[in-house]
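Colleague: Please take a close look at the aromatic rings in this model, and at the spaces that lie beside or within the fold. A connected account would serve me best.

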Amino acid sequence: MAYLSLKDVSFTYPNGFEAVQKINLDFELGEAVAIIGQNGAGKTTTVKLMNGLLRPTSGEVLLDGEKTDKLTTAKMSRYVGYVFQNPDDQIFQDTIYNEIAFGPKSQKLSKNEIEEKVQAAAKLCGLEKALQEHPYNLPYSKRKFITIAAVIATDPKVVILDEPTAGQDRQSTELLGGIIKQLTNERKTVITITHDMEFVVSEFSQVIVFAEKQKRREGTPKEIFWDEELLAFSHLKQPYICQLAKLLGHQGVMTIRDLMEVKQYETIMD
């Protein structure tokens with residue numbers, strides 16, 4: 001049984017705008033899943049339905065097989081943590097330590113447990129030397145890691161990241177990849193909204209494509225990024241290495257290593 005499921009979920013905003021239609025999704029523990037699609041496709045609305053920030057107009061959200069309609073947003077956040085795209089929408093404490101500790105404190109953990117959660121999350125996110133800093137002493141890109149650490153410290157089974165690589169350099173993107181690997185190794189599910197196709201290829205085993213308010217396809221990066229009809233319909237581009245391989249007349253290539261192996265094989269055959 002999937003840990004988190006959306007069954008025929010639709011959502012209409014109070015102004016009458018229908019954001020998503022009949023969404024069906026299942027997530028197992030330990031998965032790393034990317035959700036991609038153009039702006040307005042329904043991605044952010046869908047993930048907000050997963051943790052109770054929004055409630056379905058119709059359909060059901062299930063958590064470990066149980067309906068979530070009677071759970072408060074606070075209760076849902078203990079199981080499904082959501083990291084906003086803009087960290088400034090989440091940060092409100094005077095030190096990074098207090099920001100990360102807020103969730104564990106609200107869970108009524110002991111001082112030792114709180115300290116352990118804060119230190120572990122800070123280390124994973126590269127913040128252990130900055131815990132006594134004011135969050136706004138760090139640049140915007142680093143503040144994203146404060147909010148990621150704050151969510152991780154509450155120990156949810158599912159972590160949702162909204163555009164985590166936006167504004168990040170290569171070193172920070174690699175750190176994000178390490179965080180995702182660590183969380184999935186701990187049997188947590190990581191669901192990430194992103195427009196960074198190279199990041200999708202390097203870090204995710206499953207990809208979900210949204211277009212025109214619906215889920216259009218789910219599959220491996222190779223299945224998704226070489227489905228040219230799907231990409232055209234969804235107004236998405238292949239990762240750069242796929243585009244290069246296509247120009248060179250090769251199909252199914254996903255990485256530089258793949259392309260080099262193809263070229264080496266051609267050289268041998270010649």
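Modeller: Phe-11 has a relative accessible area of 7% and is therefore buried, since the limit for that class is under 20%. The model is a predicted one. Tyr-13, at 29% relative accessibility, is classed as partly exposed.

Aromatic pairs number 4 in the structure. One of them joins Phe-11 to Tyr-13: the ring centres are 4.7 Å apart, the planes stand at 90 degrees, and the pair is edge-to-face. This pair thus brings together a buried ring, that of Phe-11, and a partly exposed one, that of Tyr-13.

Another edge-to-face pair is made by Phe-92 and Phe-102, because their planes meet at 85 degrees, with 4.9 Å between the ring centres; an angle over 60 degrees earns that label. Phe-92 belongs to the loop between E6 and H3, whereas Phe-102 sits in helix H3, so the contact ties together parts that are 10 residues apart in sequence. Phe-102 has a relative accessible area of 42%, which means that Phe-102 is partly exposed.

Phe-102 also leads to the largest pocket. Together with Ser-77, Gln-90, Val-151 and Thr-154, Phe-102 is among the residues nearest the centre of that pocket, whose lining comprises 22 residues. The space in the largest pocket is about 560 Å³. Helix H2 (73-77), strand E6 (80-83), helix H3 (96-106) and helix H5 (140-152) each contribute at least two residues to the lining of this pocket. H3, the helix that holds Phe-102, provides the largest share, with 5 residues. In terms of class, the pocket lining consists of 10 polar, 9 nonpolar and 3 charged residues.

There remains the enclosed space. The count of cavities of 30 Å³ or more is 1, and the largest cavity holds about 40 Å³. Its lining is formed by Val-83, Phe-84, Gln-85, Lys-144, Thr-147, Ile-148, Leu-161, Asp-162, Glu-163 and Pro-164. H5 and strand E7 (158-162) are the elements that supply two or more of these residues, and H5 gives the most, with 3. The cavity lining divides into 5 nonpolar, 3 charged and 2 polar residues. H5 therefore borders both spaces: helix H5 supplies at least two residues to the lining of the largest pocket and 3 to that of the largest cavity, where a lining residue is one with an atom within 4 Å of a point of the space.

Technical notes: Residues are numbered from 1 along each chain as its sequence is written. This is a predicted model: local features need pLDDT of at least 70, side-chain atom pairs count only at pLDDT 80 or more; totals for chains, interfaces and linings use all residues. Side-chain values use heavy atoms; hydrogens and water are left out. On a 1 Å grid over the protein atoms alone, a cavity is a set of points where a 1.4 Å probe fits but cannot get out, and a pocket is an open set with protein on both sides within 12 Å along at least five of seven lines; lining residues have an atom within 4 Å of a point. Grid points are joined across faces, edges and corners, and a volume is the space filled by probe spheres set on the points. Helices (H or I, at least four residues) and strands (E, at least two) are DSSP runs, numbered from the N terminus. Ala, Val, Leu, Ile, Met, Phe, Trp, Tyr, Cys and Pro count as nonpolar, Asp, Glu, Lys and Arg as charged, and the others, Gly among them, as polar. Rings of Phe, Tyr and Trp (its six-membered ring) pair if their centres lie within 6.5 Å; planes under 30 degrees apart count as stacked, over 60 as edge-to-face and the rest as tilted. Buried means under 20% relative accessible area, exposed over 50%, partly exposed in between (1.4 Å probe, protein chains only).
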